[in-house]
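I set out to record what can be read from the coordinates of this model. The entries follow in the order in which I looked things up.

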Amino acid sequence: MRTALTIAGSDSSGGAGIQADIKTMTANGVFALCAVTALTAQNTTGVTDIFDSTPHFLAEQLDAVFTDIFPDAVKIGMVSSAELIETIAAKLKEYGAKHIVVDPVMVATSGAKLLRDDAVNALCEKLLPLAEVLTPNIPEAEILSGMTIQNAADMERAAQTISEKYGCAVLCKGGHQINDADDLLWRDGAGKWFKGRRIDNPNTHGTGCTLSSAIASNLAKGYDLDTSVERAKAYISGALAAMLDLGHGSGPMNHMFALKGDFVE
């Protein structure tokens with residue numbers, strides 16, 4: 001069985017972070033491993049507190065994983081401090097990690113800031129150059145490119161700039177009044193649009209975590225990047241279309257929408 005590692009924060013409401021990642025990886029047929037960067041007090045209405053792992057303990061988690069069950073792909077989500085980012089980068093290089101997917105989490109769906117200012121430079125200098133693909137949303141792509149994005153052409157220019165700057169592929173996610181669900185993959189000097197099906201569901205908590213984890217899962221299974229993105233978008237469309245409605249804010253998706261078996265009623 002192929003394996004994938006999520007390095008991310010814990011979401012106490014279960015809709016995003018490592019909880020969403022593990023559900024997504026399991027649903028996509030790989031064995032999920034994890035290293036926790038932070039605990040968050042969080043629900044569908046927002047984040048109320050964050051308790052970071054120490055660099056030493058995060059390093060211990062990564063050593064434990066890589067020396068026993070070497071992951072076929074790695075997804076990196078919320079990392080809120082420069083010290084933790086530097087720890088992750090050092091360990092990924094030490095072990096020669098492959099198929100690294102970085103979701104540069106800076107702002108939660110609810111609008112809460114999840115990345116401290118001192119961590120932005122460390123993220124850009126230490127971690128992004130190690131990635132096979134980055135998956136920024138529009139606000140994150142604006143930060144990484146230094147550009148304002150107002151239309152599809154702006155997305156293409158920003159994605160190209162980010163890709164050339166960090167030497168990796170970039171999946172610039174649509175939405176945010178730019179388009180419905182169309183994402184742009186920029187790699188090797190050219191862009192490819194992936195059309196998405198618009199689903200009228202206000203419950204979008206954890207969509208970024210889920211998409212990046214699904215991409216990592218498919219890379220772990222040996223699919224190329226284009227196919228991995230296509231399969232990941234199909235998966236997240238299914239999870240949204242299940243129309244799960246939990247909580248008082250932007251609720252989670254049904255990650256296990258396709259689960260069938262003796263233990264499901």
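Throughout these entries I take contact to mean heavy atoms within 4.5 Å. The model is a predicted one.

**Entry: Thr-37**

I began with Thr-37, which is found in strand β2 (residues 31-43). Which residues does Thr-37 touch, not counting those up to four places away in sequence? I noted Ile-7, Ala-8, Gly-9, Asp-52, Ser-53, Leu-58, Met-78, Val-79, Leu-84 and Ile-88. The relative accessibility of Thr-37 is 0%, and the residue therefore counts as buried. I also found a polar atom of the Thr-37 side chain 2.6 Å from the backbone oxygen of Met-78.

**Entry: α3 against α4**

I next examined helix α3 (residues 82-95) and helix α4 (residues 117-127), which pack at an angle of about 10°. Their axes lie 8 Å apart. Angles under 35 degrees count as roughly parallel, and α3 and α4 are therefore roughly parallel to each other.

On the α3 side of the contact I listed Ala-82, Glu-83, Ile-85, Glu-86, Ile-88, Ala-89 and Leu-92. On the α4 side I listed Asp-118, Ala-119, Ala-122, Leu-123, Lys-126 and Leu-127. By type, the residues of this contact are nine nonpolar, no polar and four charged.

I then asked which residues of α4 are buried. They are Ala-119, Ala-122, Leu-123, Cys-124 and Leu-127. Their cover includes α3 as well as β4 (73-76), α5 (138-145) and α6 (152-166).

**Entry: nonpolar cores**

In soluble globular proteins, nonpolar side chains tend to be buried together. The largest nonpolar core here has 44 residues. Which of its members touch the most others? I recorded Leu-5, Ile-7, Val-74, Ile-76, Ile-88, Leu-92 and Leu-134. Helix α3 supplies the largest share of this core, six residues. Another core, of 26 residues, lies apart from the largest one, and its members include Leu-171, Phe-194, Leu-219 and Ile-236.

I followed Leu-134 further, leaving aside its neighbours within four places in sequence. Leu-134 is in contact with Val-102, Leu-128, Ile-162, Tyr-166, Cys-168, Ala-169, Val-170 and Leu-171.

**Entry: Asp-226**

I located Asp-226 in helix α8 (residues 225-241). The side chains of Asp-226 and Arg-187 are joined by a polar contact of 2.9 Å. With neighbours within four places in sequence left aside, the contacts of Asp-226 are Leu-185, Arg-187, Lys-192 and Phe-194.

**Entry: positive phi**

Most residues other than glycine have a negative phi. I looked up two non-glycine residues with a positive value, beginning with His-99, whose phi is near 50°. His-99 lies in the loop between α3 and β5 (100-102). With a relative accessible area of 29%, His-99 is partly exposed.

The second is Met-243, with phi near 55°. Met-243 is placed in the segment after α8. Its relative accessible area is 44%, and Met-243 is thus also partly exposed.

**Entry: Thr-26**

Is Thr-26 buried or exposed? I found Thr-26 to be partly exposed, with a relative accessible area of 45%. Thr-26 lies in helix α1 (residues 17-27). Between the C-alpha atoms of Thr-26 and Gly-15 I noted a separation of 15 Å, the two residues being 11 residues apart along the chain.

How values were computed:
Residues are numbered from 1 along each chain as its sequence is written. This is a predicted model: local features need pLDDT of at least 70, side-chain atom pairs count only at pLDDT 80 or more; totals for chains, interfaces and linings use all residues. Side-chain values use heavy atoms; hydrogens and water are left out. Axes are lines fitted to C-alpha atoms, for helices over the stretch in contact, and angles run from 0 to 180 degrees between N-to-C directions. Helices (H or I, at least four residues) and strands (E, at least two) are DSSP runs, numbered from the N terminus. Angles under 35 degrees count as roughly parallel, over 145 as roughly antiparallel, 65 to 115 as roughly perpendicular and the rest as oblique. Ala, Val, Leu, Ile, Met, Phe, Trp, Tyr, Cys and Pro count as nonpolar, Asp, Glu, Lys and Arg as charged, and the others, Gly among them, as polar. A nonpolar core is a set of buried Ala, Val, Leu, Ile, Met, Phe, Trp, Tyr and Cys residues joined through side-chain atoms within 4.5 Å. Buried means under 20% relative accessible area, exposed over 50%, partly exposed in between (1.4 Å probe, protein chains only). A polar contact is a pair of N or O atoms within 3.5 Å; within protein, one must be able to donate a hydrogen and the other to accept it, and residues adjacent in sequence count only if both atoms are side-chain atoms.
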